[in-house]
Protein chains: 2
Amino acid sequence: MGTTIAIDAMGGDRAPGEIVAGALLAVEELGIDALLVGREEIVREHLPGGDTPPGVKLLDAREVIAMDDDPARSVRTRKDASVVRCANAVRDGDASAMVSAGNTGAAMAAALLRLGRIRGVARPAIAVPIPVPGDHHQLLVDAGATVDATADWLVQFARMGRAYAQLRYGLAEATVGLLSNGEEAGKGDELRKQAAALLEAVPGYVGNVEGRDFMHSGRADVIVTDGFTGNVVLKTIEGALRSLAGLVFTVLESTPETRDASKVVTPLLLDAANVFDPDLTGGGLLLGVNGVCVISHGSSSARAIVCAAKVALDAVEGNAVDRIKEAVVDAG
Amino acid sequence: MGTTIAIDAMGGDRAPGEIVAGALLAVEELGIDALLVGREEIVREHLPGGDTPPGVKLLDAREVIAMDDDPARSVRTRKDASVVRCANAVRDGDASAMVSAGNTGAAMAAALLRLGRIRGVARPAIAVPIPVPGDHHQLLVDAGATVDATADWLVQFARMGRAYAQLRYGLAEATVGLLSNGEEAGKGDELRKQAAALLEAVPGYVGNVEGRDFMHSGRADVIVTDGFTGNVVLKTIEGALRSLAGLVFTVLESTPETRDASKVVTPLLLDAANVFDPDLTGGGLLLGVNGVCVISHGSSSARAIVCAAKVALDAVEGNAVDRIKEAVVDAG
């Protein structure tokens, strides 16, 4: 018996096909048991022969929360939604973790409502990996869970993010920076100025960091900000990479000579660029809830689901929730 | 007689050498008159033969504000600082515009104190161009002038930014988006939710935009946010581009075959990447002050100063301050 992970088969732009395919791969590759949650007849259509192979179980859930549905209201009113049933399965011990590529707000609301918050945690945060070529990822905390934050909450994000970074990347002492508009002490808006003073008490705190410290190693393993700014940063990185990549491939296709050169370099470029592939970073962990909830990006492929399941499995095996509890409780 | 532009010869990481060289080029290429402001004996060292060529005048200023000095205090206490003398020159009619690559906060404080705010403008904002391959730049407003903003101020940033985008890029009707954590109405933190309601009254307003809309055309010509988020975005783009560019050039240098291919594609890549060169985007205009103040980035080269002087000249000739005044006044 492997660790059972509840997978929201109906969540994501490419659900259920890619999600179910990813769950089957995860069973094979990771040795987990997958609990596929969604409309049973639809999920079965994507299983070979309509049968559940060893390691795969189905949990019927009749409702679906779409990407643009109101998260909190949907979770409250659709008790038979796949993402809500995932959270129930974790709460009831039928699964050790949940994975969803669907509506992020709904996954968060379902996890919060059904699993509850860790005692002492005021608000949850999403820890999302930011790729750093040649090094382990950085964790951006919060990437969008809590858009209006207080200084105290940012301090909790820092403690939780640090504990999780140490577990996820095997770091003895993770460093934590506060995202600000300048490295110098005293920079920042009112929220950042208040938070900076309180963050001095957090182990590993290195002071302010800047937007240019993302995707570069050395400055901070964990970068803390409010969920509004974090979400803007995440999408800005996506847009910037897409813009520059488009320009590079336009140049490579521009003349007969560059097209010859492209035959040599494009396969290597694509291989190197895997470091930036959101399907391979493994998804974000929802910090502060009493259970393991991994959120994968909306256009997740089967491979993304395998990577997210690996993050979930590692979090279960590494007792991530206990580590996060200790980090918050130790702070008194 | 050309338009006279006061240039802060002491401001920037590469001052005074690159700044003075840029001023001389700007005189030649743009037909402006340059008023070089700084320690006269030091500035003269960078003039050919120590002489002022036609179109170049010197204004002695004995003090310098360093990149890491406290902006507001420095401007108040060092009345003979080069950037303060630049602002005085504009106020007194000795120059039509000022350009500085020095401490941004100091340039802003000097311009605010000496030129004053446009009547009705609550707070200034910096409009910084964000490169869009294959199209005109977008304007990011505010890129760092006002780190704690209210919804009303964001609305003024939108009006001012739109008026200036229309002038700078020759657009008949510039579109304006509010940077948020989702495109859907109702997304955003408290500030964004308040601002979104008020922005409906602004011509050209298209609703929420996301971080991924930067560097891509079609969604919004002007993207409005508070100065904290704007500064984080600007530096995040810088870091992301640097990270991906580093990866591309690492691949191009990785094998004998790629090094051959690199000989073909690298010159073309560097040429295409000029679109992202901050030296060539022309610097940011400080919106909301009663005069033309162009802020160039801290590591400005001579070429960056020429481009910033061109932005200043265009703002003078296009009556940017009047256009911005009208945009604010028309709003009542």
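How are α9(A) and α8(B) oriented to each other? Let's find out together.

## About the model

This is a predicted model, in which local features need pLDDT of at least 70 and side-chain atom pairs count only at pLDDT 80 or more, while totals for chains, interfaces and linings use all residues. Residues are numbered from 1 along each chain as its sequence is written, and chains are lettered from A and ligands numbered from 1 in the order in which they are written.

## Helix α9 of chain A meets helix α8 of chain B

Helix α9 of chain A covers residues 256-273, and helix α8 of chain B covers residues 227-252. Helices here are DSSP runs of H or I with at least four residues, numbered from the N terminus. The two pack at an angle of about 135 degrees, with their axes 10 Å apart. Each axis is a line fitted to C-alpha atoms over the stretch in contact, and angles run from 0 to 180 degrees between N-to-C directions.

So α9(A) and α8(B) are oblique to each other; oblique is what remains once angles under 35 degrees (roughly parallel), over 145 (roughly antiparallel) and 65 to 115 (roughly perpendicular) are set aside. Their crossing is right-handed, meaning that the near helix is turned clockwise from the far one by less than a right angle. From α9(A), the contact uses V265(A), L268(A), L269(A), A272(A) and A273(A), and from α8(B) it uses L247(B), V248(B), V251(B) and L252(B). Two residues are in contact if their C-beta atoms, placed from the backbone, lie within 7 Å. By class, this contact has 9 nonpolar, no polar and no charged residues. Nonpolar means Ala, Val, Leu, Ile, Met, Phe, Trp, Tyr, Cys and Pro; charged means Asp, Glu, Lys and Arg; the others, Gly among them, are polar.

## The whole contact

The contact between the chains takes 49 residues from chain B and 48 residues from chain A. On the side of chain B that touches chain A, α8(B) gives the largest share, 21 residues. That side has 25 nonpolar, 13 polar and 11 charged residues.

## How the copies are related

A turn of 180 degrees and a shift of 0.0 Å along the axis lay chain B on chain A with an RMSD of 0.0 Å, using least squares on the C-alpha atoms of residues with pLDDT of at least 70 in both. The two copies are thus related as by a two-fold rotation axis. Of the residues of chain B, A261(B) comes closest to that axis, its C-alpha at 2.3 Å.
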